[in-house]
Amino acid sequence: MAAQSVLIVDDEPDIRELLDITLSRMGLETHSAASLGEAQARISEVVPDLCLTDMKLPDGNGISLVEYIQRDFPQMPVAMITAHGSVETAISALKAGAFDFISKPIELETLRNLVNSALQLEGDTSRADSAVDHDLIGSAPSVERLRKQIIKLARSQAPVHIRGESGSGKEVVARLIHNNGPRAAGSFVAVNCGAIPPDLMESELFGHVKGSFTGATSDKPGLFQAAAGGTLFLDEVADLPLGMQVKLLRAIQEKSVRPVGASEEQPTDVRLLSATHKNLAAEVEVGRFRNDLYYRINVIDVQVPSLRERREDLPALAKTILGRISSEEGTAKATLDASALDALASYDFPGNVRELENVLERAFALSDSGTITGDDLQFPSNAPVMRSPGTRTRKTDRPGSEIWNISDADGDLEGFLEDIERKVLSSALEENRWNRTAAAKQLGISFRSLRYRLKKLGLDD
Ligand SMILES: Nc1ncnc2c1ncn2[C@@H]1O[C@H](COP(=O)(O)OP(=O)(O)OP(=O)(O)O)[C@@H](O)[C@H]1O
């Protein structure tokens with residue numbers, strides 16, 4: 001098989017030579033150009049598998065070359081070589097469509113990782129197209145746009161911030177970006193930033209060394225290390241405490257992390273994706289989120305539409321979800337009758353696709369035959385729109401505060417208390433549209449504690 005080829009574009013002969021030696025040692029064929037004009041001619045002539053370009057060129061800048069390649073050779077990855085610390089250039093290059101960037105002085109290990117990732121990209125995106133079609137259900141124009149964005153972003157290393165309401169599919173989008181890109185063979189590590197207790201956050205993200213705090217009985221790698229070669233997905237990133245935001249910014253800038261208690265930094269190799277249902281720009285405005293971190297993680301911004309904004313997708317989503325539930329239960333595929341379709345169409349779905357899944361699971365369990373009716377869906381009869389997210393029950397309305405007799409607990413205090421706990425947890429989950437993070441927050445317990453209690457009480461299906 002012919003060696004893959006790389007075009008090196010730099011006006012400094014020393015850098016061209018360093019890159020040439022390193023890439024040739026990797027078994028690659030190299031070509032070089034010292035100016036923008038020369039680069040464009042060489043690209044048309046040899047159509048390399050990758051282009052590495054310096055930012056400053058005698059007759060123009062590297063961004064123009066990125067734009068040229070995006071326009072005329074959209075399948076060709078191009079990476080930018082930037083001056084040390086020039087964040088703005090790196091971000092402009094990524095926004096213009098560069099696959100990644102590398103800063104000077106060039107670290108050879110980082111260069112090799114970058115080149116290997118870029119050369120794994122397939123020119124033909126049809127496999128990614130069909131994977132995205134399969135996992136992202138819907139054909140509304142906003143979903144079609146999202147699909148195209150995912151396929152494009154999967155080929156880049158740029159940090160992407162995914163916005164959208166709870167349950168709308170932000171994690172689905174993040175996984176698709178990972179699964180269809182050059183890091184697919186690495187891990188996809190998802191972390192809910194709102195669910196980690198603040199005092200454990202640093203150790204969870206960066207790891208710790210034995211003895212660094214009480215309970216640190218051995219060295220433990222963090223999530224950055226676990227995602228090495230893959231993708232780290234920071235869900236609910238707006239919930240990161242400010243102190244941790246500074247440390248995260250540093251980790252992104254330096255591409256290295258220092259485990260708690262360690263004296264040395266460790267290089268990291270992760271692609272960062274993040275999401276939140278909050279308005280991150282507004283969080284920056286009020287000082288709850290650092291502007292510099294926002295700028296770094298929000299290089300490319302993706303909006304996931306709510307289910308209300310794409311009602312036409314409801315039947316297809318419902319059909320697929322029912323198909324999944326039926327096959328998990330080992331039964332024939334359940335269907336929705338006309339009354340069920342009408343009921344779905346007139347409901348607002350504040351909890352989006354996750355709520356649709358929950359509604360269908362409950363209806364499936366309730367329906368006697370394989371046909372689900374409008375009644376099985378159990379939407380509130382008088383109000384198609386559910387309670388707004390912030391609405392809280394008054395203390396006196398709290399589940400469990402109903403009148404009870406001491407005889408109810410006779411001989412089984414544990415069982416009695418568990419019943420109350422079950423009611424409290426169920427109500428909190430319902431009130432928070434089955435968003436466990438929000439339910440835990442409302443109850444003033446950690447996400448882990450909620451998960452533990454749900455499991456203990458048999459409510460975790
Ligand atoms: N377009 C879609 N096609 C198929 N399944 C979807 C789609 N969108 C969401 N889902 C399903 O809905 C559920 C919720 O999706 P997901 O966890 O990605 O939402 P989210 O926006 O990340 O939620 P949260 O804000 O609560 O973290 C998942 O089970 C997911 O598989």
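These legends walk through several close-up views of one predicted model. Residues are counted from 1 along each chain, in the order its sequence is written. Because the model is predicted, local features need pLDDT of at least 70 and side-chain atom pairs count only at pLDDT 80 or more, while totals for chains, interfaces and linings use all residues.

**View 1. The whole chain, with its 20 helices and 18 strands.** Helices (H or I, at least four residues) and strands (E, at least two) are DSSP runs, numbered from the N terminus. Along its principal axes, the C-alpha trace spans about 90 × 55 × 45 Å. Of the 461 residues, 33% are buried. Here's how that word works: a residue is buried if 20 or more other C-beta atoms lie within 10 Å of its own, exposed if 12 or fewer, and partly exposed in between, with C-beta atoms placed from the backbone.

**View 2. Domain 1 meets domain 2.** The domain assignment, which is automatic or taken from a database, gives domain 1 (5-119), domain 2 (126-303), domain 3 (308-377) and domain 4 (395-456). Taken over C-alpha atoms, the centres of domain 1 and domain 2 are 26 Å apart. How many residues of domain 1 are in contact with domain 2? There are 9, and they meet 9 residues of domain 2; "in contact" says that two C-beta atoms, placed from the backbone, lie within 7 Å. On the side of domain 1 that touches domain 2, α4 (87-96) and α5 each supply at least two residues. That side has 5 nonpolar, 2 polar and 2 charged residues. In this count, Ala, Val, Leu, Ile, Met, Phe, Trp, Tyr, Cys and Pro are nonpolar, Asp, Glu, Lys and Arg are charged, and the others, Gly among them, are polar.

**View 3. Residues 5-119 and a cis peptide bond.** UniProt lists this span as "domain: Response regulatory" in an unreviewed entry; such annotations use the numbering given here, have shortened feature names, and may be inferred rather than shown by experiment. The span is 50% helix and 24% strand, and its end C-alpha atoms lie 9 Å apart. Look for the bond from Lys104 to Pro105: it is cis, with omega near -5 degrees. Pro105 sits in the loop between β7 (100-103) and α5 (108-119).

**View 4. Helix α11 and its buried face.** Its 13 residues should span 18 Å at 1.5 Å a residue, and the end C-alpha atoms are 19 Å apart, which agrees; the expected span is 1.5 Å times one less than the number of residues. Which residues of α11 are buried? They are Gln245, Leu248 and Ala251. Seen down the axis, the buried residues fall within an arc of 125 degrees, so they line one face of the helix; the arc is that of the directions from the helix axis to the C-beta atoms. They pack against α10 (223-226), β13 (256-257) and α13 (291-297). The face turned away carries the exposed residues Leu242, Gly243 and Glu254. After α11 comes Lys255, with a positive phi near 50 degrees.

**View 5. Glu236 and Phe349, each with a positive phi.** Glu236 isn't a glycine, yet its phi is about 50 degrees. You'll find Glu236 in the loop between β12 (231-235) and α11 (242-254). Glu236 counts as buried because it has 21 C-beta neighbours inside 10 Å. Phe349, not a glycine either, also has a phi of about 50 degrees. Phe349 lies in the loop between α15 (338-345) and α16 (352-366), and is buried, with 24 other C-beta atoms within 10 Å.
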